[in-house]
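Student: Could you pick one part of this structure and take me through it closely? I'd like the cut-offs spelled out as you go, and a bit of context around that part.

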Amino acid sequence: MTADRPRTKRSWTVHVPFGLVMLLLLAAALRILQYHWREGAVLVGAALLVGGLLRLLLPEDRVGLLAIRRKVVDIVTYAALCAAVLYIAFTITGGPFDATS
């Protein structure tokens, strides 16, 4: 750290909401790699839902990397992607490794 660069007041806690969403996505990837693709897809949808809720509830200075665009655009995007992923997870039968198909 150089002497002419002031230390920012933001703490590491601003990254906790993004970290929580990433942990859910890591759990989803693990379930998908274990050939439980439907459970993994539901966890991806849950991660999007949590991201949208955190974006809705947290103030701008606490949301961290979950803020991409304006608040309304972010919330609508998270909700639409969540709905699409959950719809696919709950309606598609079988799967790429299903022996009965």
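Tutor: Let's start with the whole surface: the protein chain exposes about 7400 Å², and carbon and sulfur atoms supply 70% of that. Areas like this come from the Shrake-Rupley method with a 1.4 Å probe, and for residues only the protein chains shown count as cover. Keep in mind that this is a predicted model, so to speak about local features we need pLDDT of at least 70, and side-chain atom pairs count only at pLDDT 80 or more, while totals for chains, interfaces and linings use all residues. Residues are numbered from 1 along each chain as its sequence is written, and side-chain values use heavy atoms, with hydrogens and water left out.

The chain has three helices and zero strands, in the order α-α-α along the sequence. Helices here are DSSP runs of H or I with at least four residues, strands are E runs with at least two, and both are numbered from the N terminus. Of the 101 residues, 18% count as buried; that word means under 20% relative accessible area, with exposed over 50% and partly exposed in between (1.4 Å probe, protein chains only).

Now the close look, at Arg 55. How far from Arg 55 is Asp 74, taking the closest N and O atoms? They are 2.8 Å apart, and the pair forms a salt bridge, which is defined as a side-chain nitrogen of Lys or Arg within 4 Å of a carboxyl oxygen of Asp or Glu. This pair ties distant parts of the chain together: Arg 55 sits in helix H2 and Asp 74 in helix H3 (residues 71–91), 19 residues apart. Arg 55 also meets Glu 60, side chain to side chain, in a salt bridge at 3.0 Å, N to O. Through shared partners, Arg 55, Glu 60 and Asp 74 end up in one network. Are these residues buried or exposed? Arg 55 is buried, with a relative accessible area of 1%, and Asp 74 is buried too, at 2%. Glu 60, at 48%, counts as partly exposed.

The structure holds three salt bridges, and one of them joins the side chains of Glu 39 and Arg 31 at 2.5 Å, N to O. Glu 39 is partly exposed at 42%, and so is Arg 31 at 23%.

Those two also turn up where helix H1 (residues 16–33) packs against H2. The axes of H1 and H2 come within 7 Å and cross at roughly 170°; axes are lines fitted to C-alpha atoms, for helices over the stretch in contact, and angles run from 0 to 180 degrees between N-to-C directions. H1 and H2 are therefore roughly antiparallel to each other, a label for angles over 145 degrees (under 35 is roughly parallel, 65 to 115 roughly perpendicular, the rest oblique). Among the residues making this contact are Leu 20, Leu 24 and Arg 31 of H1 and Glu 39, Val 50 and Leu 54 of H2, where contact means heavy atoms within 4.5 Å.

In the loop between H1 and H2 you'll find Tyr 35, with a positive phi of about 65° although it is not a glycine. Tyr 35 counts as exposed at 57% relative accessibility.
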